[in-house]
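Please open the structure in your viewer and keep the selection tool at hand, since this tour moves from one selection to the next and says at each stop what is there.

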Amino acid sequence: MNLDNLLTITRSYRSFKNQNIPSNILMSLISAARLSASARNSQTLRYTLVSSEEICNKIFPLTAWAGSIEWNPTIEESPTAYILISSLIENPLSQITLGIDIGIAAQNILLKASELNLGGCFIGAFNKKEISNIVELDLDRFNPQLLIALGKPLEKVILIEGNELNLRYYRDTENFKHFVPKLSLENLVLKKF
Ligand SMILES: Cc1cc2nc3c(=O)[nH]c(=O)nc-3n(C[C@H](O)[C@H](O)[C@H](O)COP(=O)(O)O)c2cc1C
């Protein structure tokens, strides 16, 4: 797949088929994260992989979805895997730099998932304490930062032209379609010299 296509299909998917994602697939996503740039090459991120149905079902109620609309995935369409990105508490980076490292690693994971015909969603809104407890994250050493929900997408995500006054995404629930406005290049580029 060419890069433009890969970038276009790498969207936030929130509705999934009931199809297990084995651990070795999650390991290949971490291989992509492993190649990320990191400030000072400090590589302060660590990953917890979840493909067990039992643990997925425990995590799901502790996550919040699509805050801009009145809709939530049901348990039947919930993610079949998760990756929790955590940072070492002892690290030399500022919050902003650490956030950039997390974003790069997370996007590498989602891009690799797309290449494997999977999809996912970054979940910033998750119960850090309870999920850390479920996945036995040692909170004396690690800070849970970002959860990535994963699965085989059941929905279509369609990009539409957006404008600065309204960037709300919306959904055709019955038909499993989710529409995401994106600004045009003219909106994005301030000046050309
Ligand atoms: C840092 C970050 C945190 C996010 N947290 C959530 C979240 O908690 N729940 C959710 O449903 N989507 C979450 N999203 C997904 C955004 O809503 C999504 O990226 C946006 O609607 C644009 O859609 P697209 O990713 O398909 O372009 C998050 C995205 C980012 C980058």
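Helices (H or I, at least four residues) and strands (E, at least two) are DSSP runs, numbered from the N terminus, and the expected span of a helix is 1.5 Å times one less than its number of residues. Residues are numbered from 1 along each chain as its sequence is written. What you see is a predicted model, in which local features need pLDDT of at least 70 and side-chain atom pairs count only at pLDDT 80 or more, while totals for chains, interfaces and linings use all residues.

**Helix α4**

Begin by selecting α4, residues 95–115. This helix has 21 residues and reaches 30 Å from its first C-alpha to its last, close to the 30 Å expected at 1.5 Å a residue. Next, colour its buried residues, where buried means that 20 or more other C-beta atoms lie within 10 Å of a residue's own, exposed means 12 or fewer, and partly exposed is in between, with C-beta atoms placed from the backbone. Among the buried residues of α4 are Leu98, Asp101, Ile102, Ile109 and Lys112. The buried residues of α4 pack against α1 (3–9), α2, β1, β2, β3 and β4, contact being counted when two C-beta atoms, placed from the backbone, lie within 7 Å. Just beyond the helix, select Asn117, which follows α4 and has a positive phi, near 65°.

**The sheet of 4 strands**

Now show the strands that α4 lies across, namely β1, β2, β3 and β4 (142–151). These 4 strands form an open sheet in the order β1-β2-β4-β3, with antiparallel pairing, and two strands are taken as paired if DSSP finds at least two bridges between them. β1 (45–50) and β3 (119–123) stand at the edges with a single partner strand each, so one side of each is left without a neighbour in the sheet. On average, neighbouring strands of this sheet are turned by 25° against each other, direction ignored; axes here are lines fitted to C-alpha atoms, for helices over the stretch in contact, and angles run from 0 to 180 degrees between N-to-C directions.

Which residue of β2 is the bridge partner of Val50? Select Tyr82 to see that partner, in a pairing where β1 and β2 (residues 81–88) run antiparallel and are joined by 6 bridges. Helix α2 (residues 23–34) packs on the sheet and touches β1 and β2, its direction making about 160° with that of β1, whereas α4 runs at about 20° to β4.

At the other edge, β3 and β4 are paired in the antiparallel sense over 5 bridges, and Gly120 can be found opposite Leu150 in β4. β3 is mostly covered, as 4 of its 5 residues are buried.

**Around the ligand**

Stay with β3, which gives the largest share of the shell around the ligand, 3 residues. Of the 14 residues around the ligand, those that come nearest are Arg11, Ser12, Phe122, Gly124 and Ala125; a residue is near a molecule or strand if its C-beta atom, placed from the backbone, lies within 6 Å of it. The shell divides into 10 nonpolar, 2 polar and 2 charged residues.

**Two loop residues**

Go next to the loop between α2 and β1, and select Asn41 and Gln43. Most residues other than glycine have a negative phi. Asn41, however, has a positive phi near 50°, and phi of Gln43 is positive too, near 45°. Are these residues buried or exposed? Asn41 counts as exposed because it has 6 C-beta neighbours inside 10 Å, while Gln43, with 14 such neighbours inside 10 Å, counts as partly exposed.

**The sheet of 3 strands**

Now select β5, β7 and β6, which in that order form an open sheet of 3 strands with mixed pairing. The edge strands are β5 (156–161) and β6 (170–172), each pairing on one side only, and the twist averages 30° from one strand to the next. β6 pairs with β7 (residues 177–182) in the antiparallel sense over 3 bridges, and Arg171 stands opposite His178 in β7.

**Last stops**

Select Ser68 in the loop between α3 (53–59) and β2, a residue that touches Arg168 and Tyr169 when residues up to four places away in sequence are not counted. Ser68 counts as exposed, with 10 C-beta neighbours inside 10 Å. Finish at Leu188 in helix α6 (residues 185–188), which is exposed, with 8 other C-beta atoms within 10 Å.

How values were computed: Ala, Val, Leu, Ile, Met, Phe, Trp, Tyr, Cys and Pro count as nonpolar, Asp, Glu, Lys and Arg as charged, and the others, Gly among them, as polar.
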